[in-house]
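The questions below deal with aromatic pairs and helix packing. Each is answered from the coordinates alone.

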Amino acid sequence: MSAVAGRLRAVPHAQKLLATAAILVAVLVPFYFGKGSPQIDDATLAMAYIGMALGLNLIVGFAGLLDLGYVAFFAIGAFTMGWLGSGFFSQAGGEGVHVLVSEPASNLPGIHMNFLVVIVFAIIFTTIAGMLIGLPTLRLRGDYIAIVTLAFGEIIGRVAINGDELRIGGIWDATIAKLPFFEPIGSAATLTGGRRGITPVDKVDLPFVERFVALDLRPWYFLALAIVLIALFVNFRLRDSRLGRAWIALREDEVAAASMGVPLVKTKLLAYGTGAAFGGASGAFLASYLNTVNADQFQFSFSIFILGMVILGGLGSIWGVVVGAIALSLLNNYFIPDVFNTWPEKVGLDFDLSQLSFGIFGFLLVIMMVLRPEGLIPERRRQLELEEGIGAGATAGAGPTLEGGTGKHGEDVYETRRD
């Protein structure tokens, strides 16, 4: 596959043609299935996961900051949709707060804002949260960053479970509700719905478009595809920008990057904040699509699930992450539960294959690390490091690329440097 990818890179405009063809196929896919078919459901979930994986790729693939708590940004985005697009705060504003929503949401109690407004708030909240999680990691490297981010994800998950005991209504009404444009939410209001979650959540309500419904999944798919296209555009623009080059320099060697004038604090915080924003946008979409925000959705395993997409596709490779996200999403939502689930029973074993889904993902990652550590569609720089040993060696910086310093020609590189 790497040889084919290399030839395609040598062909002018080949990548643009492939990308255009892939987008056209993505646009036409829902028309081959019924409006409410499970295939469109699987494809919509895959698109939402691609948005998250592209966000995590900015943090892990571009900047080399290993993040094991990415589910926290999914949770914050989803709860933003639950808070601002449901009847959870039923006492808010007396008869409710309604912003740019049409019937029937405009007559319901609670806070009901247009999806575009909610997604802006989700991006703002998650960007702030991403920068907050970045602060404790400014002086850390490698595994220590992973521990801090893992703890952040676990904290958000515990808050989601126990948030029904956190009564924020009294504090809100006594402070923020006194400001203009803010409404009281009632003294009994809690932070989350705990185990019971927040449901139902408002369906997407876009201007000049009919209100989304559960029986027609095509609009949901196209909205998720639009989020993915925006994420792809931002990823490509950032990769080729000065900030993107600073992230890559940070990933390759933090000390060298600092000595060359890269502002480490600003660069790290922007990586966390930008990557988190995509997690929040996808989380808000999924909350509306799934019609619920539930604490059980925000398990640590979900962070590993998204990270597995990035590793499977190729760290730092934008198109690789897209392929990895599609592959793992379809494996999790279609192939394991619908195609392979009864295989153990056929050979006399008494269990469902879906019970071993994360074991299967782990086995696939092990196989990938052994046979193709650079990923399905590797980033060119990382491929050179792993296959040719270029840029690798004892002085290569901390982060994921440090482990890549043992390419098959690594000994030759070491000998050259020693000479």
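Q: Which residues form one aromatic cluster with Tyr49?

A: This is a predicted model in which local features need pLDDT of at least 70 and side-chain atom pairs 80 or more, while totals for chains, interfaces and linings use all residues. Numbering starts from 1 along each chain as its sequence is written, and side-chain values use heavy atoms, without hydrogens and water. Rings of Phe, Tyr and Trp (its six-membered ring) pair if their centres lie within 6.5 Å, with planes under 30 degrees apart stacked, over 60 edge-to-face and the rest tilted. The cluster joins Tyr49 with Phe74, Phe79, Trp83, Phe298, Phe302, Phe305, Phe358 and Phe361.

Q: How many residues apart are Tyr49 and Phe305?

A: The whole structure holds 25 aromatic pairs. One of them is Tyr49 with Phe305, edge-to-face at 5.5 Å centre to centre and 90° between the planes. Tyr49 lies in helix 3 (residues 38–62) and Phe305 in helix 12 (residues 300–313), helices being DSSP runs of H or I, at least four residues, numbered from the N terminus. The separation along the chain is 256 residues.

Q: Is Tyr70 buried or exposed?

A: Buried means under 20% relative accessible area, exposed over 50%, and partly exposed in between (1.4 Å probe, protein chains only). Tyr70 has a relative accessible area of 1%, so Tyr70 is buried.

Methods: Helix = DSSP H or I, 4+ residues; strand = E, 2+ residues; numbered from the N terminus.
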